[in-house]
Amino acid sequence: MTMNPSVPAPMDIDYTKSDVSNQALHKFSINVLQLLKSAQMQHGLRHGDYTRYRRYCTARLRRLYKSLKITHGRGKYTRRAITESTVTEVRFLHVLLYTAERAWSHAMEKRQLPDGPNAKQRIYLIGRLRKAVKWATLFSQLCSIKGDSRTSLEAEAYASYMKGNLLFEQDKNWDIALMNFKSARAVYEELGKYGDLENQVICRERVEELEPSIRYCLHKIGESNLPTSELLHIGEMEGPALDLFKAKLEAVMAEARSQQAASLTELSWLGHRFPITNAKTRVSILKAQDLEKDLNVPSANLMPEEKKLIMFDKLFAAYHDARSCIRNDLVSAGTAEVKDDLNGLDKAVSALLGQRTIERNQLLVSMAKSKLNKRRDEKNEKVTKPEELVRLYDLLLQNTADLSDLVSSGRDRKPEEVSFMEECTVKSMVFRAERCFYLAHSYGLAGKRAEAYALYCHARSLAEQALKQCYSLNKSDQTLVQELKTLCNECRSNSCIEHATGIIEELKVPENLSKKISAISLHPTDKKSKKLLDKLDVYESTAGDSSLKLVPQIEAFPPPFVAVPRNPIFLDLAFNCIDFPSLESRMKKEKKGFLRSFWG
């Protein structure tokens, strides 16, 4: 059976009895690296979540046990061993592979604890790696019997990689660990020459992931003259196979910093020198200084911006650790002189933290500016609005004000502090001009031409003031001067555009208003919308409002039928049913003469 990566994994397929019998006659084939890479990237390891990947392996094993009917019983545990005679189909090999992966991911989960594994957890971690080596070795042995040549070779490389990981974590037998890593690398180098393009890429990635571990083993053996700084650059690579290497490298760097911190006895800041007596404070400050060097080297300009943000986070963590150590020492300080030194050191570290915070926020501003003019359909990236830049400049103004207050809080100022205060003042003016510019931009997008024009003019005046202030400094930053000149030109051009656009819109107002009034109709456009005669008591623009999509209507025509009141109709139904009394007795009788009787 040959596995195709485009079809579901074998453990997801329901096999019939005929399939099982056919598979028993043939060598099984598993593309081990491709299968594991797909599972790892889809279930947590893309983001370093080993807990999620371990749970996935557990669930996968549960499904495999159930489908293969090798459950261990509900009551008493009865172990069902997988041997050569047991392996009748490829899914039995998958059980061994994912059992090794589960043990390995559990060990890596313990390695990634926030404060690192303690002594007890480290013993458990090494025990899980031993389990991973045990199951990987059994997987390799059975693949050599039941699998084809490629599967056997990949399984052997996987077992060698697990053995190397165990020895790497145990800090012993570096020569054996080196031999296992080299063996795995040789296999993947050979496999990367064949197969489809996806297989070649995955094998090449695994070779690159194994290279730092090999070079580190050579460094520990002493066969390499590679300095520790070069190992740091190797550790910048990404991949699950490098996580153990990075943890080991971090421990080595912490040890190197502890040795180097013995020579760091004081911190220089703006002409002041503050002694550092606490060893933890020295290590934290030294770590922060190393990160600052990495951010300030020329090659850092080619570094991705997301990676710079991660380095800033590590830098902030180091300075926060240093401040917490200083303040703990300040609580237990005895003499006034020691307290003054600790207060000065705390002030210096806080000022350095404030400077790095400004640099980080400036990096966020540059990232937001690069996305300001992009279209929404470009790489599905979120488009930056001018309001977001206004918010970032508000943060920069607050950071600059806090830093200025911190530096100016001292009594005796040195020339370095005065110069630093002047630079803070210039930065504050530049940030105010930039903030005003993007605030005007947001008003312009909202169609408020008068406000946008006024804000652009104000931003230009602020930029010109900042430019004059830059020229007044002894050492003016040419990059900042060029940015201010560009800002002045943009403010001038945008103010002219807003002025011209406002005049055009003003000239078109009567024409647009007459068009909208002439479009007012008596014919019904929307039965649900209110008519103009129904809104006489509300001050609401109808003809001049550009947001209206429907034509305004004065009144519904023809008018609807309305119930009209009329005079009541009285019907006397009882008149014909009443017998009235005779009134002849009350009637006046006429007197007839003798002659009337003849004509009467």
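A residue is termed buried under 20% relative accessible area, exposed over 50%, and partly exposed in between. In the predicted model examined here, T137 counts as partly exposed because its relative accessibility is 22%. This threonine belongs to helix α5, which comprises residues 119–146. T137 and Y158 are separated by 21 residues in sequence, and their C-alpha atoms lie 8.6 Å apart.

The salt bridges come to a count of 18. Side chains of opposite charge can pair when their charged atoms come close. One of these pairs joins R91 to E89, with an N to O distance of 2.7 Å. R91 counts as buried, given its relative accessibility of 5%, and E89 likewise counts as buried at 5%.

Other salt bridges involve helix α13. R360 pairs with D313, the closest N and O atoms being 4.0 Å apart. This contact links distant parts of the chain, since R360 is placed in helix α13 (residues 336–370) and D313 in helix α12 (residues 305–331), 47 residues apart. Both partners are partly exposed, R360 with a relative accessible area of 23% and D313 with one of 41%. A salt bridge is also formed between E434 and K369, at 3.7 Å from N to O. E434 lies in helix α15 (residues 415–445) and K369 in helix α13, so this pair ties together parts that are 65 residues apart in sequence. E434 counts as buried at 10% relative accessibility, whereas K369, at 30%, counts as partly exposed. In addition, a network of salt bridges links K37, R206 and E209.

Strands β1 (residues 266–269) and β2 (residues 272–275) pair in the antiparallel sense over four bridges. Within this pairing, S268 of β1 stands opposite R273 in β2. The two strands form a hairpin with two residues between them. In the turn, L270 has a positive phi of about 50 degrees.

Two surface patches were also identified. A negative patch is formed by E422, E423, D477 and E483. Of its members, D477 is placed in the loop between α16 (449–472) and α17 (478–518) and is partly exposed, with a relative accessible area of 43%. A nonpolar patch of about 400 Å² is made by I569, L571 and L573. L573 is found in the loop between α17 and α18 (596–599). With a relative accessible area of 69%, L573 is exposed.

Notes
Residues are numbered from 1 along each chain as its sequence is written. This is a predicted model: local features need pLDDT of at least 70, side-chain atom pairs count only at pLDDT 80 or more; totals for chains, interfaces and linings use all residues. Side-chain values use heavy atoms; hydrogens and water are left out. Patches are made of residues with over 30% relative accessible area and no salt bridge: like charges are joined within 9 Å, nonpolar side chains (Val, Leu, Ile, Met, Phe, Trp, Tyr) within 5 Å. Accessible areas come from the Shrake-Rupley method with a 1.4 Å probe; for residues, only the protein chains shown count as cover. A salt bridge is a side-chain nitrogen of Lys or Arg within 4 Å of a carboxyl oxygen of Asp or Glu. Lys and Arg count as positive and Asp and Glu as negative; His and the chain ends are not counted. The place of a charge is taken as NZ of Lys, CZ of Arg, CG of Asp or CD of Glu. Buried means under 20% relative accessible area, exposed over 50%, partly exposed in between (1.4 Å probe, protein chains only). Two strands pair if DSSP finds at least two bridges between them.
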